[in-house]
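Let's take a walk through a protein fold together. Have the picture open, and turn it around as you read.

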Amino acid sequence: MSTLKPMTTPSIDGNATAPRSGAPARWIATVSARLQSLPVRTRLELPGGIAVGAEHASVVLRLLDARLLPLLALGQVGRLAEAYVEGQLQIDGTMRDLAEVAAALVPGDPTRLDDAAGPARWWSRLRRSSRSLSRHQPRRDREQIEFHYDVSNDFYALWLDPRRVYSCAYWPDGVNTLAAAQEAKLELLCRKLMLRPGERLLDVGAGWGALLLWAAEHHGVRAHGITLSTQQHAYVTRLIAERGLADRVSIALCDYRDVPEHGTDGGPYDKIASIGMFEHVGRAQLLPYFRKLRRLLKPGGLLMNHGITAGGLHNEQLGAGIGDFVERYIFPGGELVHVSHVMAAMAEAGLETLDVENLRPHYARTLWAWSDALEARLDAARALTSERVVHAYRLYLAGSAMGFERGWMSLNQLLASRPDGKVGATPVRGAQSVYPFQRDHLYRS
């Protein structure tokens, strides 16, 4: 069970932005004016009994260190989130109200963090690429995945659906529960992949096994998954045995780079799913990642790449300290790229993009469902892990929901194929894959 020690050491001592002599009153005045413009009634309480803002507030921010005041004045909500996790800030109010406050405090567009121009942009991209490459070697990737996913299986079970699907749900009309929305997403993935009985499916980053089991039980495939999380691997292994699926479903504790391309548990696979995985791969490794998947995929086969993409063209994380908070406490090594960069990497790897669907608002709704579920079971969460973990995830889930609602991040499903080069061998001449180049198969019952 992890106690969530940040992968990098935060510096919240306030020295870098500590107000000079005579400045506190100015910072208080600035914050007071900002509080009056917020969409939710908010009060700030400082050491010594000083309070500004609404008297009957929905959100109360209680700073235990006045040197953090400039962070609030400047809208550095990520640094304030660190202060909350580290016990230097207390918060009263619902996560939904707090998210509204945080969004209003953020200065400008947080997706424009790295939008430098000219030579500065060239240098920024070179530095970013070098950093990405160093952070996404096999050992670092394993450590980073374990940091996030091995917090505790039981902790995640508190707020995920019964199948423990830890990715964006799909909310068609009439679906109002998280469990039903996640089943709808699993079925949508299987339909997009056009799974058929007896086909071999590889699930890269299989999580707690929901897609593996759904595809085997509902579509008759032989499914193999990989994960770097020891807790997830043990959990899925047990589920496979309990459901009597050992002859059709398997999971390995394995880095994607080490998946055999031939032989036992190796390629070629008829279909491949990469769900919520490529965010962990890193910008510098995207092309090698998709080249590896292409080699694992049968000519004419289909790949579903489902994951979070950046809202901006050039940013790898969000500004206002938000990205730094997520890096330290939630997803070390996580990098966001715009969907256009993902498609470019797939194309360069020899994969043809066939269909793209943006599910951004679906992820906002999913995250609010997770957030509400965690809020309803805070005492149970504290019993399973540390207060710091609970604090971090409260802010992460609600803050992410806010980010998806505002378009700071997006969620895309990209269906691609490995063209087989056979122009006349398919019902649709020139398809070069099993894809029919229409969507009727998605909607037939």
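Start with the open sheet of seven strands, whose order is β7-β6-β5-β8-β9-β11-β10, with mixed pairing. Keep in mind that you're looking at a predicted model. At the edges you'll find β7 (249-253) and β10 (352-358). Each of these has a single partner strand, so one side of each is left without a neighbour in the sheet. How much are neighbouring strands turned against each other on average? The answer is 15 degrees, with direction ignored.

Now zoom in on strand β8, residues 269-275. Is it buried or exposed? Seven of its seven residues are buried, so β8 is largely enclosed by the rest of the structure. In the sheet order, β8 sits between β5 and β9, so let's look at each of those pairings in turn.

On one side, β8 pairs with strand β5 (residues 200-204) in the parallel sense, over four bridges. If you'd like a spot to check, find leucine 202: its bridge partner in β8 is isoleucine 272. On the other side, β8 pairs with strand β9 (residues 297-310), also in the parallel sense, and here there are six bridges. Serine 274 stands opposite asparagine 305 in β9. How does the chain get from β8 to β9? The route goes through helix α11 (residues 286-296), and this β-α-β crossover is right-handed.

Isoleucine 272 is worth a second look: besides being the bridge partner of leucine 202, this residue stands opposite leucine 303 in β9.

Next come the helices that pack on the sheet. Helix α9 (residues 210-219) touches β5, β6 (222-227), β7 and β8, and its direction makes about 160 degrees with that of β7. The crossover helix, α11, lies across β5, β8 and β9, and runs at about 150 degrees to β9.

Finally, let's leave the sheet for a pair of helices. Two packed helices are described by the angle between their axes and the distance between the axes. For helix α3 (residues 77-85) and helix α12 (residues 322-329), the angle is about 35 degrees and the axes are 6 Å apart. The crossing of α3 past α12 is right-handed. Which residues meet here? From α3 come Val77, Gly78, Ala81, Glu82 and Val85, and from α12 come Ile322, Asp324, Phe325, Arg328 and Tyr329. Sorted by class, this contact has six nonpolar, one polar and three charged residues.

Key: Residues numbered from 1 in each chain as written. Predicted model: local features only at pLDDT ≥ 70, side-chain atom pairs only at ≥ 80, totals over all residues. Heavy atoms only, no water. Axes fitted to C-alpha atoms, helices over the stretch in contact; angles between N-to-C directions. Helix = DSSP H or I, 4+ residues; strand = E, 2+ residues; numbered from the N terminus. Left-handed = near helix turned anticlockwise from the far one by under 90°. Contact = heavy atoms within 4.5 Å. Nonpolar A, V, L, I, M, F, W, Y, C, P; charged D, E, K, R; others polar. Buried < 20%, exposed > 50% of the residue type's maximum accessible area, 1.4 Å probe, protein only. Pairing = 2+ DSSP bridges. Right-handed = clockwise from strand over helix to strand, strands pointing away.
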